[in-house]
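Here are a few packing exercises to try with the model open in your viewer. Have a go at each task before you read its solution.

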Amino acid sequence: MTATPETPATSAPAETPETSAPRPLVRWRGPVLIGALVLLGALLVAVLATPTRTGAMRPDSASPDGAMALARVLEGQGVRVEPVTDLDAATAAPGRTVLVAAPERMSTRQRDALAASGADLVLVRPDEATLAALAPGVRAEPIELPEPVDPACALPAALRAGPVDLEGGAYTLDPTVPPGAQRCYPTGSPTGAASLVELGVHGRTVTVVGDATPFTNDVLDERGNAALTLGLLGAHPDLLWYLPVPPPAEPGQERGASELLPPGWVWGPVQLLVAGLAVALWRGRRLGPVVTEDLPVVVPAGETVRGRARLYRRAGARDRAAEALRSDVRRDLATRLGVPRGAGVGPLVDAAAGRTGWPPAAVGALLAGPPPPDDPSLVALAGDLDRLGDAVR
Amino acid sequence: MAVTGRFALLVALAALFVGLLFPSGLGVLVVSGALVVLALADALAAVPVRSLRLDREQEPGAVVTVRLGESLEVPLRVANPGRRRASLVLRDAWEPSAGAAPPRHRLVVPAGERRRVVSTLTPTRRGDRDAVRVTVRSLGPLGVAARQGRHPVPARVRVLPAFGSRRHLPSRLARMRELDGRRAVQIRGQGTEFDSLREYVAGDDVRSIDWRASARSAELVVRTWRPERDRQVLVVIDTGRSAAGRVGDAPRLDAALDTALLLAALASRGGDRVDLLALDREVRASVLGATAGELLPSLVTAMAPLEPRLVETDMRLLAASVLARAGRRSLVVLVTGLDEAAVVEGLEPVLGSLLRRHTVMLAAVADPGLATMAAGRGDAEAIYTAAAAGTARAARRGVAERLAGRGVEVVDAAPEDLPPAVADRYLALKAAGRL
């Protein structure tokens with residue numbers, strides 16, 4: 001490869017006129033800034049509104065906060081561990097233990113079903129609604145237990161376990177609670193709050209544990225955690241490991257994605273739409289109406305010539321076109337060769353032939369021949385006339 | 001009433017508030033409603049636009065002039081007689097071809113004070129340009145919303161012809177001085193006048209000896225003659241259809257005005273009197289009997305508002321106007337077209353009456369594009385165009401030759417060449433004593 005494509009010398013560099021109007025960067029600074037702020041806001045909403053969900057307390061999870069170790073040990077002891085995600089009153093029959101590993105995830109219907117059942121319950125850090133439904137009279141206290149303490153109660157499992165890793169919630173008992181309820185691992189607060197509460201409700205045993213830590217793989221082998229949890233869960237040969245999952249919606253009651261979104265995600269963008277309206281108002285309001293002006297007529301001077309050329313072409317007027325070209329050249333040659341204007345074609349042909357050395361017949365045909373039969377020969381005639389003019393020059 | 005970007009930003013930020021704290025339709029309504037109320041209050045707190053006093057720094061009705069291609073600063077004064085500080089955005093709106101910049105001004109006028117903003121006009125077109133209105137946006141104290149209103153603050157700028165051919169003037173003036181100094185005409189003839197008596201030197205024509213003066217003197221004395229001064233030049237500009245054609249970027253009329261200006265500048269320096277007439281179906285402008293000092297200003301002022309019209313020029317009116325205005329023998333310079341039909345049907349019938357009393361020069365703006373088209377080669381379309389251009393040129397040439405045959409001085413040149421060509425032809429006529 002030797003030749004590189006040359007840029008045509010005629011191409012003028014595109015000129016960008018310097019204007020006094022602000023450059024686009026400056027002009028769009030405001031809207032871009034607003035857009036960035038809105039994005040930032042949306043991000044903030046997303047971060048704040050996303051609840052943290054983990055796979056904690058799952059009987060099949062080997063992660064530090066899972067509970068696979070506990071489930072295996074229980075099975076080794078002959079307790080049938082059955083993980084369930086939904087329960088009805090029939091399944092949770094008396095004589096079974098139900099470990100409610102995540103009470104806050106229960107729907108109202110699931111909670112009611114559990115309340116109607118007869119199984120013994122172990123509630124791990126229940127929320128207010130669960131306490132009210134399943135352990136009436138027990139109330140949560142906003143106290144965190146300092147360090148492992150002694151059970152200080154008569155519950156056999158707690159007595160066997162001794163100090164455990166209970167660092168979560170604490171509970172008090174209302175005076176309405178029938179006697180016989182056990183309060184273990186007291187926090188030492190004047191209200192008598194304790195981290196583990198066992199009471200009988202409608203003929204079954206409900207145990208409220210303030211913290212899920214003792215159940216986890218992480219610390220099951222430390223202190224009395226294993227003893228406590230095995231004692232609580234191994235009372236019956238059947239253990240239902242209840243990790244509530246909201247049941248699928250009934251046909252006809254399915255909810256769309258927008259209904260499942262937190263309301264902030266719906267109404268925030270609605271407000272953004274309103275903001276879009278405000279931007280439209282802001283940018284759309286003109287500073288005064290458009291100014292009009294009567295402009296003078298503009299007629300390109302060469303328009304009639306072009307029009308006539310198109311007419312020639314459409315009519316195929318090669319005779320006229322050729323005559324126009326020839327008379328131009330004849331006039332030119334007459335001036336150059338000094339042939340008088342009125343002398344006619346003959347002397348002109350002779351003079352031109354004499355100057356150029358071309359055969360007079362050819363020059364004659366060129367200057368005053370018959371009209372060309374088609375467009376290509378018209379083009380050729382124009383070229384020949386040009387060559388004749390150049391030769392005379 | 002108008003809202004600002006700040007308002008839009010507030011509404012957008014309210015999305016955070018609604019999304020995090022108040023996620024409901026009611027929240028959107030309440031928040032947006034509160035912001036609208038805020039904007040309304042802000043607009044109400046703004047200084048009323050009507051209370052502002054706006055004026056130009058000049059007498060109303062005064063006309064400022066600027067030459068086409070140059071810029072002009074136009075001030076606008078804003079007085080705030082109220083007791084609150086006015087924060088303003090204003091647009092001094094002119095007709096678009098006045099080229100006003102910047103498009104908007106921001107200014108703060110403290111209570112009881114006056115501020116001045118300056119717009120720069122760079123007109124793109126000849127003629128009178130008017131200030132249309134001043135639109136004022138008065139921002140509220142929070143800058144969230146504004147009141148908007150307008151004031152009519154009339155002003156007019158007269159955009160004069162560019163007179164680009166000025167650069168040819170020095171060389172033509174030099175040639176004219178040469179003409180004067182050469183005293184080419186020592187014999188009395190048409191178009192010369194008596195200049196002075198001087199001593200005979202060898203080589204002078206003996207026929208120019210003034211015997212009566214020689215008798216009174218010890219020496220032989222000859223009379224000298226010089227080209228006549230105080231001749232009359234009447235420039236007639238055709239503003240009809242033929243002036244509307246656009247050659248290159250400008251209409252033919254612009255070249256015609258340029259030609260008239262150069263000729264007028266030259267002729268008035270040469271001691272001739274120059275009058276101007278512009279007409280199509282009626283007289284559009286006329287400058288008659290202006291003294292040499294005020295000739296050019298009055299010419300450009302008269303020319304400024306001229307626009308070509310798409311009508312056929314009334315040549316009978318033209319001849320009648322010329323005959324009525326030019327009493328003595330004059331050089332009549334017609335700046336018009338060389339269209340065959342217009343000349344044959346319009347000009348030629350009245351030419352006789354003009355030629356009987358005056359010297360007539362016809363200046364026409366040629367289209368250089370015609371030559372380009374005539375030289376076009378390549379495909380059939382280019383050849384047909386070349387043929388049509390050749391026909392047009394031949395017709396033009398024919399008309400020019402026929403007019404020249406009747407004694408009209410014909411100058412046919414491209415727009416930028418026409419002014420010097422006409423000036424040269426004028427000098428030639430002057431040298432020949434044919435004025």
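**Exercise 1.** Work out how α14 (residues 375-392) of chain A packs against α11 (residues 380-405) of chain B.

*Solution.* Start with the geometry: the two helices pack at about 60 degrees, with axes 9 Å apart. Helices here are DSSP runs of H or I, at least four residues, strands are runs of E, at least two, and both are numbered from the N terminus. Axes are lines fitted to C-alpha atoms, for helices over the stretch in contact, and angles run from 0 to 180 degrees between N-to-C directions. So α14(A) is oblique to α11(B), given that under 35 degrees is roughly parallel, over 145 roughly antiparallel, 65 to 115 roughly perpendicular and the rest oblique.

Next, who touches whom? On the α14(A) side look for A:Asp375, A:Leu378, A:Val379 and A:Ala382, and on α11(B) for B:Ala380, B:Ile383 and B:Ala386. Contact means C-beta atoms, placed from the backbone, within 7 Å.

A word on ground rules: this is a predicted model, where local features need pLDDT of at least 70 and side-chain atom pairs count only at pLDDT 80 or more, while totals for chains, interfaces and linings use all residues. Residues are numbered from 1 along each chain as its sequence is written, with chains lettered from A and ligands numbered from 1 in the order in which they are written.

**Exercise 2.** Find the axis distance and crossing angle for α8(B) and α9 (residues 340-357) of chain B.

*Solution.* The axes come within 9 Å and cross at roughly 20 degrees, so α8(B) and α9(B) are roughly parallel to each other. For the residues, B:Met315, B:Arg316, B:Ala319, B:Val322 and B:Leu323 of α8(B) meet B:Gly346, B:Leu347, B:Val350, B:Ser353 and B:Leu354 of α9(B).

**Exercise 3.** Lay out the six-stranded open sheet of chain B and place two helices on it.

*Solution.* First, the order reads β18-β17-β14-β19-β20-β21, with mixed pairing; strands pair if DSSP finds at least two bridges between them. The edges are β18 (283-287) and β21 (409-413) of chain B, each pairing on one side only.

Now zoom in on β19 (residues 330-335) and β20 (residues 359-365) of chain B, which run parallel over five bridges. There, B:Leu331 sits opposite B:Thr359.

Last, add the helices. α6 (residues 252-269) of chain B lies across β14 (232-238), β17 (273-279), β19 and β20 of chain B, at about 175 degrees to β14(B). α8 (residues 315-325) of chain B touches β14, β17, β18 and β19 of chain B, and its direction makes about 155 degrees with that of β17(B).

Terms used:
Contact = placed C-beta atoms within 7 Å.
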